[in-house]
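Trainee: I should like to go through the reasoning behind the labels used for this model. May I put my queries in turn?

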Amino acid sequence: MQEIKIMSIAKDIFTTEEVDFMAERGIRIKGSSELTDEILLQIEDEIGDILCLEGFDSDYSPYPLAILCESIIDKTVEL
């Protein structure tokens, strides 16, 4: 998994839980001034992969992880 550096402005967009989750998955928070479209697409791709691979049980019912991933993806799309 590629390490993606998220800018400090992300802390105003994402919840602490979302930021911590992304950091655990190799998406790190670093100081800077903006989230570019490229970075947002990378976040969306990485979180989308996690959602597909780990977000649902064998009956396709979502785990809590899926809700968290969907929230992050929604925010990347809205920006």
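**Reasoning from values to labels**

Mentor: Let us begin with arginine 25, which counts as partly exposed at 22% relative accessibility. Please bear in mind that the model is predicted.

Trainee: Why is arginine 25 called partly exposed?

Mentor: Buried requires under 20% and exposed requires over 50%. Arginine 25 has 22%, so the label is partly exposed, the class in between.

Trainee: What makes glutamate 54 partly exposed?

Mentor: Its relative accessibility is 36%. That value also lies between the limits of 20% and 50%, so glutamate 54 is partly exposed.

Trainee: How do you know that arginine 25 and glutamate 54 form a salt bridge?

Mentor: The N to O distance between their side chains is 2.8 Å, and the cut-off is 4 Å. The criterion is therefore met. This pair links distant parts of the chain, with arginine 25 in the loop between H2 and strand E2 and glutamate 54 in helix H3, 29 residues apart.

Trainee: How many salt bridges does a search of the whole structure find?

Mentor: The search finds 2. Glutamate 18 forms a salt bridge with lysine 75, and the closest N and O atoms are 2.8 Å apart. Glutamate 18 lies in helix H2 and lysine 75 in helix H4, so this pair ties together parts 57 residues apart in sequence.

Trainee: Why is glutamate 18 called buried?

Mentor: Its relative accessible area is 2%. Since buried means under 20%, the label follows. Lysine 75 is buried as well.

Trainee: What does glutamate 18 touch, leaving out residues up to four places away in sequence?

Mentor: Glutamate 18 touches Leu68, Ser71, Ile72 and Lys75. Isoleucine 72, for its part, touches Phe14, Glu18, Phe21, Met22, Ile43 and Ile47, with the same exclusion of residues up to four places away.

Trainee: Which residues touch the most other members of the largest nonpolar core?

Mentor: Among the 19 residues of that core, they are Phe14, Phe21, Met22, Ile43, Ile47, Cys69 and Ile72. Helices H2, H3 and H4 each supply at least two residues of this core.

Trainee: How do you know that the length of helix H3 agrees with its number of residues?

Mentor: Helix H3 covers residues 37-54, which is 18 residues, and at 1.5 Å a residue the expected span is 26 Å. The end C-alpha atoms are 25 Å apart, so the two values agree. Several residues of H3 are buried, including Ile43, Glu46 and Ile47.

How values were computed: Residues are numbered from 1 along each chain as its sequence is written. This is a predicted model: local features need pLDDT of at least 70, side-chain atom pairs count only at pLDDT 80 or more; totals for chains, interfaces and linings use all residues. Side-chain values use heavy atoms; hydrogens and water are left out. Buried means under 20% relative accessible area, exposed over 50%, partly exposed in between (1.4 Å probe, protein chains only). Contact means heavy atoms within 4.5 Å. Helices (H or I, at least four residues) and strands (E, at least two) are DSSP runs, numbered from the N terminus. The expected span of a helix is 1.5 Å times one less than its number of residues. A nonpolar core is a set of buried Ala, Val, Leu, Ile, Met, Phe, Trp, Tyr and Cys residues joined through side-chain atoms within 4.5 Å.
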